[in-house]
Amino acid sequence: LLYADKSPVSVANFLSYVDAGAYDKNIFHRVIAGFMIQTGGYLEDMSPAESGETIRNEADNGLHNVRGTLAMARTNLIDSAGRQFFINVADNNFLDHSKASCTRKDELAMMEARAKKLHKPQTCKSFGYAVFGEVTSGMEVVEAIEDMKTGSTKGFRDVPIETIFIISVKRLEASE
């Protein structure tokens, strides 16, 4: 289930990759039991999948990172999500946007300070990670992925020892 009403930018971005077949044969490259499983960015040899532009972070949409929700993965920059996403396997409220979250203006000021080699303690918390969907069936598959043994490879940690592929992602109509 996708929340196009609350996360229109994230859903449109996700569906553009789905419609292009861009998630087919991607791997789950980061699996942390009790936290989340992440995919959408790497191929079997750990080479990055081709990515488009980054999108605006919609973490302030009122949705929460609870078990079974899909959220956009990103770097430390607020608006840096691209094609990668994760499925929460636990309630991860620390990933939610809140009144204490940094603003884009706060982030810019911190980046400018870092560029000048000034390192001040951060006074606000993460902007959050945009929830854009929910697993409505197949959570047992998510749990099986979560239970996979992981290790390190090619500079990546928490990579499943046994490669887990997305065979194909297709758009379904609401009645399907």
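Guide: A helix here is a DSSP run of H or I that holds at least four residues, and helices are numbered from the N terminus. The model is a predicted one. With that meaning of the word, helix 1 is followed by glycine 21, whose phi is positive, near 70°.

Visitor: How do you know whether the length of helix 1 agrees with what is expected at 1.5 Å a residue?
Guide: The expected span is 1.5 Å times one less than the number of residues. Helix 1 has 12 residues, and from its first C-alpha to its last it reaches 16 Å, which is close to the expected 16 Å.

Visitor: Which residues of helix 1 are called buried, and what covers them?
Guide: The word is kept for residues under 20% relative accessible area. In helix 1 it applies to Ser10, Val11, Asn13, Phe14, Leu15, Tyr17 and Val18. Their cover includes strand 3, strand 4 and strand 5.

Visitor: What makes strand 1 and strand 5 edge strands?
Guide: The open sheet has 5 strands in the order 1-2-4-3-5, with antiparallel pairing. Strand 1 (28–32) and strand 5 (131–134) each pair on one side only, and they are the edge strands. From one strand to the next the twist averages 25°. Helix 1 (residues 8–19) packs on this sheet, where it touches strand 3, strand 4 and strand 5, and its direction makes about 60° with that of strand 5.

Visitor: How do you know that strand 3 and strand 4 pair?
Guide: Two strands count as paired if DSSP finds at least two bridges between them. Strand 3 (residues 69–72) and strand 4 (residues 85–88), which run antiparallel, are joined by 3 bridges, and the condition is therefore met. Within this pair, alanine 71 has phenylalanine 86 of strand 4 as its bridge partner. Strand 2 (residues 36–39) also runs antiparallel to strand 4, and 4 bridges join the two. Here asparagine 88 of strand 4 is the bridge partner of methionine 36.

Visitor: What makes you say that both faces of strand 4 are covered?
Guide: In a regular strand the side chains alternate between the two faces of the sheet. In strand 4, Phe85 and Ile87 lie on one side, Phe86 and Asn88 on the other, and all of them are buried.

Visitor: Why is the link of cysteine 102 and cysteine 124 called a disulfide?
Guide: The term requires a pair of cysteine sulfur atoms within 2.5 Å. The sulfur atoms of cysteine 102 and cysteine 124 are 2.0 Å apart, and the pair therefore qualifies. With 90° about the S-S bond, this link is right-handed. It connects distant parts of the chain, 22 residues apart, since cysteine 102 is in the loop between strand 4 and helix 2, whereas cysteine 124 is in the loop between helix 2 and strand 5. Cysteine 102 and cysteine 124 are both buried, and the structure holds 1 disulfide.

Visitor: How do you know where the buried residues of helix 2 fall around its axis?
Guide: Glu107, Met110 and Ala113 are the residues concerned, buried in helix 2. Seen down the axis they fall within an arc of 125°, so they line one face of the helix. Lys105 and Ala115, on the other side of helix 2, are exposed. As for its length, the 12 residues of helix 2 (residues 104–115) should span 16 Å at 1.5 Å a residue, and the 17 Å between its end C-alpha atoms agrees with this.

Visitor: What puts the buried residues of helix 3 on one side or on several?
Guide: In helix 3 (residues 139–146), the buried residues are Met139, Val142, Ile145 and Glu146. The arc they cover around the axis is only 115°, which places them on the same side of helix 3. They pack against strand 1, strand 2 and strand 4.

Visitor: Why does lysine 25 count as buried or exposed?
Guide: Exposed means over 50% relative accessible area. Lysine 25 has 58% relative accessibility and therefore counts as exposed. It is found in the loop between helix 1 and strand 1, and its phi is positive, about 70°, although it is not a glycine. Most residues other than glycine have a negative phi.

Visitor: Why does methionine 46 count as buried or exposed?
Guide: Its relative accessibility is 9%, and methionine 46 therefore counts as buried. Methionine 46 lies in the loop between strand 2 and strand 3, and its phi is near 70°, a positive value in a residue other than glycine.

Notes: Residues are numbered from 1 along each chain as its sequence is written. This is a predicted model: local features need pLDDT of at least 70, side-chain atom pairs count only at pLDDT 80 or more; totals for chains, interfaces and linings use all residues. Side-chain values use heavy atoms; hydrogens and water are left out. Buried means under 20% relative accessible area, exposed over 50%, partly exposed in between (1.4 Å probe, protein chains only). The arc is that of the directions from the helix axis to the C-beta atoms. Axes are lines fitted to C-alpha atoms, for helices over the stretch in contact, and angles run from 0 to 180 degrees between N-to-C directions. Contact means heavy atoms within 4.5 Å.
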